[in-house]
Structures are given as C-alpha cells and as structure tokens.
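Me: I'd like a close look at one part of this model, the place where the two chains meet. Could you start there, then walk me through whatever the pieces involved are attached to?

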Amino acid sequence: MRTLKYSEALSEGIVRAMERDPNIYMTGIAVDYPSGIFGSTVEATRRFGPKRVFDSPAMENALTGIAIGAAAMGKRPIIVHPRNDFMFLAFDMMINLAAKWKYMYGGNAGSVPIVVRAVIGKGWGQGASHSQSLQSVLGHFPGLAVVMPAFPRDAKGLMLAALTHHSPVIMLEHRTLYDTTGEVPETDEPTPIGKAAVVRPGRDISIVATSFMAYEALHAAEQLAKEGVEAEVVDARSIRPLDEGTILSSVRKTGRLIVADTSWELCGFSSEVAALAAEKAFDALKAPVRRIAMANSPAPVSQPLEKAFYPSATTIAKAALSMLGKFSSSLGDIDREDNFKGPY
Amino acid sequence: MSAIPTFKDPDPSRHSDLPSETEARLFRSMYRVRHAEESLAELYKEKEMRTPTHFGIGQEAVAVGICEALRKDDVVYSHHRCHTHYLAKGGSLLGLVAELYGRVDGCSRGRGGSVHLTDRSVGFVGSSPILGQSIALATGSALAFRMDDAPRVAAAFFGEAVCEEGIVYEAMNYASVNRLPVLYVCENNFYSTESSAATRQPPGTELCERARAFKIAAEKIDGNDVAAVYGAARRALEHVRGGKGPFFLECETYRWREHVGPMYDHELGRTYRSKDEVEQWKKRCPVARAERRLLAAGISSADQIESWKAETRAEFDEVVRRAKASPWPDPASLFDNVY
C-alpha cells in the first residue's frame with residue numbers, strides 16, 4: 001500500500017469528500033494561503049477555488065454561527081482553526097447551539113453537520129495559549145462528536161466520516177503528526193466515528209492513547225518489546241462517542257491499563273477512561289490504572305521547562321515497566337529527536 | 001420616564017400607500033399574536049407551563065410588519081422573546097402552545113420550551129436565547145443563499161442589548177464584506193432585562209450609526225406602527241434582494257410585561273421602570289393603533305373587526321384544548337435526537 005504524510009491524508013480526505021458533495025465548503029483564517037494549513041488545504045484550494053475554499057476574518061464565534069446557519073440551509077461547512085486555543089472564542093456557538101441543535105428543536109429543525117478542524121500545537125516554545133488540546137472539554141457535551149486521528153490512515157478516514165456525519169464533528173489534529181507518514185488506502189474507506197483501534201496487539205499491558213500520545217505509545221511499545229514486554233496499544237480515535245467495548249476488552253485481556261492523553265488529567269480524557277475501567281472492568285485489573293497527561297501547569301516556553309512539561313514515549317515505557325514490577329530494566333531515554341521548528 | 005419615544009403618534013386617517021387588504025391583514029395578524037400572548041400569559045399563571053417565558057406583548061408590530069414583508073421561503077431567526085416572530089411568520093399555534101405545556105405536539109416535541117421554537121415549514125428556522133446567536137445564524141443562511149444564487153433572504157430579530165455583544169460586529173462586518181442578503185431587525189425596547197440604556201450605552205447613541213460604520217444601510221423607525229414597519233421592511237428587502245448587501249432596521253418599541261414571566265413589573269414591586277411609563281406606552285399600543293386606523297380610514301367596519309376577533313379567540317381556545325390533551329413525551333425517548 002502507498003504511504004502518505006498525515007497532512008496529505010487529511011487533504012485527500014477533504015478533496016475526495018468535496019468532489020462528492022458540492023455542499024461542502026471550507027473556511028477559516030488562512031485556509032487559502034499558499035501554505036494552506038500546513039499543506040492540508042492546498043489541493044482543495046487549487047481544485048475548488050474561492051467559491052468553496054475561502055479565507056475569513058478573525059471572528060471565531062460568528063464564523064461558527066454562520067456555519068451553523070449555512071448548515072441549516074443544507075451546506076456542509078468545514079471551519080479550520082490553525083490552533084485549538086482560538087476555538088474557545090467559538091464555544092458559545094459550538095456548545096450552546098451546534099451540539100444541541102437537533103435535540104432542543106426535537107429533531108424538527110433538522111441537523112447542522114458542521115465540521116470543525118483545529119490543530120494542537122506543541123514544541124518550539126509555542127507556550128500557554130498555542131498548545132492546548134481541547135478534547136476533554138469538548139468531549140463533555142452530548143451532541144458533539146470529537147475525533148482525534150493519530151495516523152494518516154485515520155486522518156483521511158475520519159475526515160471522510162466527518163464529512164458525511166449527521167451531526168457536528170470536531171476534529172483535533174496534532175501539529176506534530178502532520179509530517180509523519182503511514183499507509184493510506186487509495187480507496188475511500190471512512191474510519192467509523194466512535195470506534196477505537198488496536199494498533200498493536202499485546203498481552204501484558206494496555207495503553208489507551210489519543211492523538212500524538214498514540215504515536216508515542218506505539219514507539220514505547222516497540223521499545224518495550226525489546227524488554228520482553230508486550231504492550232497492547234489502543235488508539236482511542238474517537239473521544240465522543242467513546243468506544244467502551246474496545247477499551248474494556250483490551251483491559252480484560254491484559255489486566256493493566258495506562259491512559260496517555262494530550263490534555264490534562266483532572267476531569268480529562270485519561271480520568272474518564274480510568275473511571276471506565278474502574279466501573280466496568282475492576283475485577284480484571286491487576287494493578288492501579290496509571291494516567292499520563294500533560295504536567296499540571298500551563299504549557300511553558302523555555303526548552304528545559306517544555307521538556308519537563310510534555311510526557312513522551314519514555315514516560316509511557318517507564319510507567320509500563322514499573323507497573324509490571326520490572327525495576328531493573330536497562331531502558332533509558334527512548335524519545336525520538338524533536339525536529340519541529342515550524343511553521344507554526 | 002427613561003423610555004422616551006422618538007416618534008409621534010401617527011394620524012389614523014392619514015393617507016397610506018398600502019392596499020386595504022394589506023392593512024387588514026397586518027391588523028389581523030397582530031391581533032392574533034396579541035390574543036395568543038395575552039391568553040398564554042393568563043394561562044401561565046396556572047403554573048402548568050413549566051418553561052421560562054418571555055412575552056412580547058407590546059412588540060407585535062415589529063414581528064408582523066417584518067414577517068408580512070418577507071416571502072414564505074425567506075427564513076427567520078429569533079431570540080428569547082420569540083413567540084411574536086414565530087406566529088407572525090406563520091408558525092403553528094398548536095406547536096407553540098403544546099411546546100409551552102411540554103407535550104409531544106410541541107414544535108420542538110417538548111425538548112425546547114418557550115425559547116427554542118421552530119417551524120421549518122414556514123421558514124421559522126429557530127429561536128435561541130443566547131444574545132447575538134440569531135444574527136450569526138441569519139448571516140450564515142444568507143451566505144448559503146448567496147452560494148446557491150437563490151433569491152432568498154434571511155432575517156434576524158434581536159433586542160437592542162445584543163448591540164452590546166461582540167458577535168454582532170463580527171457578523172455584520174462579515175455580511176457587509178460579502179454583501180450577504182440578510183436583514184437585521186433590532187427591536188429597541190429600551191431595557192435589557194431590568195437594565196436601562198443609560199447603564200449600557202453612551203449618551204446620544206444611535207444604533208444605526210453602528211451599522212453604518214460597517215457600511216450597512218440602516219433606518220430607524222417607529223416599531224409600534226405596523227404600516228411603518230411593513231413599509232420600511234419592503235424597502236429594506238428590495239435593497240437586500242437587489243444584491244446591495246445587508247440592511248439594519250432599528251424598530252423602537254416597548255415590552256409591557258416583566259422581562260420573563262406573565263406579570264407587570266409594578267405588580268411585583270419592581271422599580272426599574274414606573275407603572276406610569278408602562279401606561280404611557282400602552283397608549284401607543286400597536287394593535288389598538290392599527291384597529292383605529294382600519295376604522296378611521298373606512299377599511300373595515302367594527303362588526304367585521306369583531307368577527308375576526310371572535311374567529312381568533314375560537315381558534316385559540318380550540319388549540320389550548322388540543323395542546324392540553326396532547327400526550328407527555330415518553331421518558332424512554334429522552335435520548336432521541338442527541339445525535
């Protein structure tokens with residue numbers, strides 16, 4: 001199978017969906033720039049032109065309301081936020097309206113299937129207000145679907161699914177993943193929303209992870225294998241709806257659970273999955289669940305602080321060894337070099 | 001008195017460019033809205049409608065004047081005080097009343113209540129109580145119409161306090177940049193809940209100037225004169241449909257009842273405005289004005305008007321009977337339409 005970059009896979013998903021559905025349009029700050037949201041909108045801009053891919057002023061809340069008003073008339077808008085953090089300005093429209101539209105009008109006002117793409121920043125000192133990861137906050141609200149592709153196959157597949165979904169979808173894309181590569185089918189195979197994936201099977205410990213942390217977990221699992229530890233990596237892919245079945249069957253199989261997430265612990269995705277295991281698979285657990293998330297501070301800028309702030313493959317691997325009682329391991333720092341220097 | 005009217009009372013026997021049938025239609029629609037609202041306010045006191053309700057009594061001319069000028073396939077968005085717009089656009093009366101009673105025949109099947117109304121069959125897309133949402137939504141529907149080259153218009157109703165929200169300026173700026181076919185209808189009723197304009201706007205504020213700052217055509221009119229509202233709406237819609245971009249209409253009007261609930265403020269001892277002020281504005285009643293107009297201009301006889309009123313009252317009584325007989329939603333349907 002051919003290999004694509006994550007950004008190329010996103011782009012292909014968008015372009016294929018736009019070819020099929022003339023009601024899809026895409027807007028947001030900088031979507032039609034030559035740089036095209038780190039390459040992900042360049043082909044759509046070239047192919048469909050300014051009638052369907054167009055720049056917008058910085059007006060996150062109204063832009064979202066406008067998308068909802070257009071969706072109510074049959075359009076399928078894609079809004080892009082080059083950083084998650086700007087979405088806070090659109091929470092009124094996303095949460096008070098889009099999430100509840102179908103429900104609070106009893107289904108009689110139709111649905112408003114907008115797709116909101118937002119990029120999670122990390123590294124090069126992007127700091128407190130350019131590197132937040134909002135899945136835990138957004139996952140709280142009934143009516144929204146929240147997805148986080150970690151691998152190129154799902155970047156395309158979840159985009160295809162989002163653009164035919166019957167309700168609003170928030171897609172959080174990690175900037176660090178944009179240049180990663182992976183196999184992506186030429187055919188259009190949507191990744192079902194609400195389904196996790198076992199991306200590496202194992203028998204000793206389950207690592208349920210989101211987005212960039214799934215990528216890190218896979219690397220950790222490869223290193224752990226050298227230590228004789230077979231970790232099972234579950235890429236959550238979908239925050240809401242949450243695929244409880246896949247997560248629980250992995251926990252029941254291994255009896256140990258690490259949850260690794262790109263947001264914070266408190267009231268976060270990692271806590272949610274830990275609670276799920278405690279409520280529904282307590283009898284299968286051989287050790288306390290371990291959560292791995294960002295340090296309990298805003299994101300810092302300076303290099304040593306940033307390194308201390310972000311968990312990584314090493315954090316995951318060491319936690320796994322500790323949970324398995326392997327304290328004499330020779331496993332050192334396994335992290336890959338962080339080559340990210342922008343563009344942001 | 002802090003809510004001083006800008007406009008003089010119109011002469012009921014003045015010359016009008018409107019056909020008689022139109023004037024009669026405007027009155028009948030206003031009376032129907034008024035009767036429904038007055039009656040619902042009385043029924044509300046029985047405490048069987050468990051949904052915070054904002055009555056629009058006193059503001060009927062804005063809703064009716066605008067909606068009568070719109071076409072059926074034009075769409076409307078409204079806010080928390082939405083019964084007037086919903087009924088004026090042709091929304092199902094049973095849908096409204098059953099919704100207030102929380103029944104399955106409600107327009108939102110008992111999920112929405114007073115502030116979340118919809119009737120897509122007549123272009124009333126939805127109402128929502130968060131300030132400013134209607135403006136962005138109408139702007140978005142106008143964007144869709146522009147993309148499709150459809151000769152349709154989207155209208156947003158909102159109170160003047162919305163002009164203190166940021167989203168208004170985001171949306172108006174966008175609509176102007178893209179010359180979108182959207183009509184902004186500002187109902188200036190002088191109060192935001194119980195806050196007067198003095199605490200919210202600098203002295204000498206003219207809201208139309210704010211629209212004009214975005215290169216949007218704007219006009220301030222007497223929102224208690226249905227013929228004036230209708231005439232201004234027709235002109236504004238010609239502008240909007242002609243591809244000249246959005247139009248902002250500021251309609252000066254007055255809410256009679258409390259912000260939310262069926263009572264008069266003075267009955268509850270509230271002092272943010274005086275009973276006298278409310279009484280002064282009741283003399284400017286848009287429905288009574290239109291009725292005087294029909295009589296003074298010889299458009300309709302008193303008997304004719306009375307027979308319309310009787311018809312409206314009978315319709316309402318029958319609808320209340322049906323709404324109260326409508327079943328409650330099944331608790332097993334709690335999760336319907338979450339996704």
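Reply: Sure, with the reminder that this is a predicted model. The contact between the chains draws 31 residues from chain B and 31 residues from chain A. On the chain B side, the elements that give two or more residues are β2 (124-127), α5 (133-147) and α6 (166-177) of chain B. Of the elements there, α5(B) gives the most, with nine residues. Sorted by class, the side of chain B that touches chain A holds 13 nonpolar, 13 polar and five charged residues.

Now for what β2(B) and α5(B) belong to. Chain B has an open sheet of six strands with parallel pairing, in the order β2-β1-β3-β4-β8-β7. β2 and β7 (217-222) of chain B sit at the edges with a single partner strand each, so one side of each has no neighbour in the sheet. On average, and ignoring direction, neighbouring strands are turned by 15° against each other. The partner of β2(B) is strand β1 (residues 75-78) of chain B: the two run parallel and are joined by three bridges. One residue to click on is B:Val76, whose bridge partner in β2(B) is B:Phe124.

Two helices to look at pack on that sheet. Helix α2 (residues 60-69) of chain B touches β1, β3 (154-159), β4 (182-188) and β8 (247-252) of chain B, and its direction makes about 165° with that of β4(B). The other is α5(B), which touches β1, β3 and β4 of chain B, with its direction at about 170° to that of β3(B). So α5(B) packs on the sheet and also gives the most residues to the side of chain B that touches chain A, while β2(B) is both an edge strand and one of the elements on that side.

Over to chain A, which is divided into domain 1 (3-183) and domain 2 (197-323). Their centres, taken over C-alpha atoms, are 26 Å apart, and the contact between them takes 25 residues from domain 1 and 22 residues from domain 2. On the domain 1 side, α6 (135-138), β6 (145-147), α7 (152-162) and β7 (169-174) of chain A each give two or more residues. The largest share there is three residues, from β6(A). By class, that side has 12 nonpolar, 11 polar and two charged residues.

Inside chain A, have a look at strand β2 (residues 24-27). A:Ile24 and A:Met26 point one way and A:Tyr25 and A:Thr27 the other, and all are buried. β2(A) pairs in the parallel sense with strand β4 (residues 76-81) of chain A over four bridges, and two bridges join β2(A) to strand β3 (residues 53-54) of chain A, also running parallel. A:Met26 appears in both pairings: A:Met26 stands opposite A:Ile78 in β4(A), and the bridge partner of A:Met26 in β3(A) is A:Val53.

For helix packing in chain A, try helix α3 (residues 60-71) and helix α4 (residues 91-98): their axes come within 7 Å and cross at roughly 35°. A:Asn61, A:Thr64, A:Gly65 and A:Ile68 of α3(A) meet A:Asp92, A:Met93, A:Met94, A:Leu97 and A:Ala98 of α4(A). That contact has five nonpolar, three polar and one charged residues.

Last stop is helix α8 (residues 211-226) of chain A, whose 16 residues reach 24 Å from first C-alpha to last, close to the 22 Å expected at 1.5 Å a residue. Its buried residues include A:Phe212, A:Tyr215, A:Glu216 and A:Leu224. Just after α8(A), A:Gly228 takes a positive phi of about 80°.

How values were computed. Residues are numbered from 1 along each chain as its sequence is written. Chains are lettered from A and ligands numbered from 1 in the order in which they are written. This is a predicted model: local features need pLDDT of at least 70, side-chain atom pairs count only at pLDDT 80 or more; totals for chains, interfaces and linings use all residues. Domain bounds come from an automatic or database domain assignment. Two residues are in contact if their C-beta atoms, placed from the backbone, lie within 7 Å. Ala, Val, Leu, Ile, Met, Phe, Trp, Tyr, Cys and Pro count as nonpolar, Asp, Glu, Lys and Arg as charged, and the others, Gly among them, as polar. Two strands pair if DSSP finds at least two bridges between them. Axes are lines fitted to C-alpha atoms, for helices over the stretch in contact, and angles run from 0 to 180 degrees between N-to-C directions. The expected span of a helix is 1.5 Å times one less than its number of residues. A residue is buried if 20 or more other C-beta atoms lie within 10 Å of its own, exposed if 12 or fewer, and partly exposed in between; C-beta atoms are placed from the backbone.
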